Amino acid sequence: MENQNKESKYLRAKERVDELKKFYGNLGSYITVISALAIINYLVDGFAYMWFLWAAFGWGIGVFFHALKTFDLMPFFGRKWEERKIKELMEEDEKTKKWK
């Protein structure tokens with residue numbers, strides 16, 4: 001049982017590290033690409049019209065929601081809600097022996 005608990009903790013930690021890697025990869029790509037677009041925008045028309053901000057805004061929304069999910073800041077359907085719901089269903093199952 002103890003070995004299974006260690007494996008479970010390891011798998012959760014590995015999953016968490018994977019989530020963080022994906023987020024930081026997304027953030028790094030965002031910074032790199034938006035910076036490159038800003039430079040191109042400057043070289044083309046000297047910021048007369050800052051069109052790169054449209055891409056920054058659109059992608060920024062995605063990065064924002066990715067951060068909310070990664071750092072478990074979602075008020076609805078977050079990791080804590082998920083764990084509570086799983087526990088609730090397991091307890092209900094124990095009471096009724098509905099799931100076999």
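**Exercise 1.** Classify K14 as buried, partly exposed or exposed, and do likewise for D18.

*Solution.* Start with the cut-offs: buried means under 20% relative accessible area, exposed means over 50%, and partly exposed lies in between (1.4 Å probe, protein chains only). K14 has a relative accessibility of 42%, so K14 is partly exposed. D18 comes to 31%, so D18 is partly exposed as well.

Some ground rules before you go on. This is a predicted model, where local features need pLDDT of at least 70, side-chain atom pairs count only at pLDDT 80 or more, and totals for chains, interfaces and linings use all residues. Residues are numbered from 1 along each chain as its sequence is written, and side-chain values use heavy atoms, leaving out hydrogens and water.

**Exercise 2.** Find how many salt bridges the model has, and place the one between D18 and K14.

*Solution.* Step one is the rule: a side-chain nitrogen of Lys or Arg must be within 4 Å of a carboxyl oxygen of Asp or Glu. Applying it gives three salt bridges. In the pair D18 and K14, the closest N and O atoms are 4.0 Å apart. Step two is location: both residues sit in helix α1 (residues 2-45), four residues apart, about one turn of the helix. Helices here are DSSP runs of H or I with at least four residues; strands are runs of E with at least two, and numbering starts from the N terminus. It helps to recall that an α-helix has 3.6 residues a turn, so residues three or four places apart point the same way.

**Exercise 3.** Work out the distance and the sequence spacing in the salt bridges E19 with R16 and K85 with E88.

*Solution.* Take E19 and R16 to begin with: their closest N and O atoms lie 3.6 Å apart. These partners are three residues apart in helix α1, so about one helical turn separates them. Now check accessibility: R16 is partly exposed at 27%, whereas E19 is buried at 19%.

Turn next to K85 and E88, where the N to O distance is 3.2 Å. This pair belongs to helix α3 (residues 79-96), and the spacing is three residues, which means about one helical turn. K85 is partly exposed at 32%, and so is E88, at 40%.

**Exercise 4.** Which residues does E19 contact beyond its neighbours within four places in sequence?

*Solution.* Contact means heavy atoms within 4.5 Å. With the neighbours within four places set aside, E19 is in contact with T70 and R79. Looking at the helices, E19 is part of α1, and the buried residues of α1 pack against α2 (52-70) and α3.

**Exercise 5.** Compare the expected span of α1 with the distance between its end C-alpha atoms, then list its buried residues and describe what follows the helix.

*Solution.* The expected span is 1.5 Å times one less than the number of residues. For the 44 residues of α1 this gives 64 Å, and the end C-alpha atoms are 64 Å apart, so expectation and model agree. Next, the buried residues of α1 are E19, F23, N26, Y30, I34, A38 and N41. Finally, G46 comes after α1, and the phi of G46 is positive, near 60°.
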